Amino acid sequence: MAKGIVIYYSRSGNTEEMARIIAEGMNEKGLETESKAVGDVKVDELEGYDAIVVGSPTYYGHMAGELKGVFDELVSRHGQLDGKVGGAFTSSANIGGGNETTIMGIIEAMLISGMVVQGDPKGDHYGPVSIGKPDERVREQCWRRGQRIAELTKKLAS
Ligand SMILES: Cc1cc2nc3c(=O)[nH]c(=O)nc-3n(C[C@H](O)[C@H](O)[C@H](O)COP(=O)(O)O)c2cc1C
């Protein structure tokens, strides 16, 4: 059975809350998914997932170093994530605070790894963005993104 994981880094809980809602949306669509802080993830376990979603606070327009470290560590297993479904999300303090570049940085690393990333023509195009604590709009975006990732993953796995 296909499985998913949502990996996040979060100091003050905003990204963590987004991760939890995305994982709930994925589970609700029938893709068994767990949400884990990056410190609890071992890179060699990632091969066992069909969908890998990564969320980071925006730090100077980029993902947090803790998450970049996971991608850097993956180089020794380069190609192992080929064909898996990816997705990204972020929380920043400000509108225009570098949130979309943060998401694109995560997606770039996923594409280099061979992962499949779907955009969204109606919701947050690149991935859910929260300004500070997730509000109702953000919660809806996270739920929608989780559901879309689960649908695509199940389609590709069948
Ligand atoms: C080191 C550092 C760098 C940050 N850089 C930015 C930034 O470039 N743009 C921005 O809007 N917010 C920036 N922030 C604010 C965080 O992105 C924001 O508070 C976020 O919601 C924190 O997420 P968390 O609650 O999951 O830790 C920065 C925060 C820290 C600690």
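This is a short chat about the empty spaces, the ligand shell and one loop glycine in a predicted model.

Q: What kind of model is this, and how are residues numbered?
A: The model is predicted: local features need pLDDT of at least 70, side-chain atom pairs count only at pLDDT 80 or more, and totals for chains, interfaces and linings use all residues. Residues are numbered from 1 along each chain as its sequence is written, and side-chain values use heavy atoms, with hydrogens and water left out.

Q: How many cavities of 30 Å³ or more are there?
A: Two. A cavity here is a set of points, on a 1 Å grid over the protein atoms alone, where a 1.4 Å probe fits but cannot get out. Grid points are joined across faces, edges and corners, and a volume is the space filled by probe spheres set on the points.

Q: How much space is in the largest cavity?
A: About 70 Å³.

Q: What lines the largest cavity?
A: Ile7, Val38, Leu46, Ile52, Val54, Leu67, Val70, Phe71, Leu74, Leu81 and Met110. Lining residues have an atom within 4 Å of a point. By class, that lining has eleven nonpolar residues, no polar ones and no charged ones. Ala, Val, Leu, Ile, Met, Phe, Trp, Tyr, Cys and Pro count as nonpolar, Asp, Glu, Lys and Arg as charged, and the others, Gly among them, as polar.

Q: Which element gives the largest share there?
A: H2, with three residues. Strand E3 (51-57) and helix H2 (65-73) each supply at least two. Helices (H or I, at least four residues) and strands (E, at least two) are DSSP runs, numbered from the N terminus.

Q: And the second largest cavity, what is its volume and lining?
A: The volume is about 40 Å³. Gly86, Gln118, Gly119, Arg145, Arg148 and Ile149 line the second largest cavity. They divide into one nonpolar, three polar and two charged. Helix H4 (residues 136-157) gives the largest share, three residues.

Q: Pockets next. What is the volume of the largest pocket?
A: About 300 Å³. Of the 20 residues that line the largest pocket, Lys68, Phe71, Asp72, Ala109 and Ser113 are the closest to its centre. A pocket is an open set with protein on both sides within 12 Å along at least five of seven lines.

Q: Which elements give two or more residues to the pocket lining?
A: H2 and helix H3 (99-112). H3 gives the most, with six residues. The pocket lining has seven nonpolar, nine polar and four charged residues.

Q: Switching to the ligand. How many residues surround the ligand?
A: 16, and the closest are Ser10, Ser12, Thr15, Ser91 and Gly97. To be near, a residue needs a heavy atom within 4 Å. The shell divides into four nonpolar, eleven polar and one charged.

Q: Which backbone atoms lie by ligand oxygen atoms?
A: A polar backbone atom of Arg11 is 2.8 Å from a ligand oxygen atom. For Gly13, the distance is 3.1 Å. For a backbone N or O atom of Tyr60, the distance is 3.0 Å.

Q: How much of the ligand does the protein bury?
A: 77% of the 650 Å² that the ligand exposes when taken alone. Accessible areas come from the Shrake-Rupley method with a 1.4 Å probe.

Q: Last one. Where does Gly114 lie?
A: In the loop between H3 and strand E5 (116-117). Gly114 and Asp82 are 32 residues apart in sequence but 4.1 Å apart in space, C-alpha to C-alpha.

Q: Why is Gly114 called partly exposed?
A: Because its relative accessible area is 23%. Buried means under 20%, exposed over 50%, and partly exposed in between (1.4 Å probe, protein chains only).

Notes:
A polar contact is a pair of N or O atoms within 3.5 Å; within protein, one must be able to donate a hydrogen and the other to accept it, and residues adjacent in sequence count only if both atoms are side-chain atoms.
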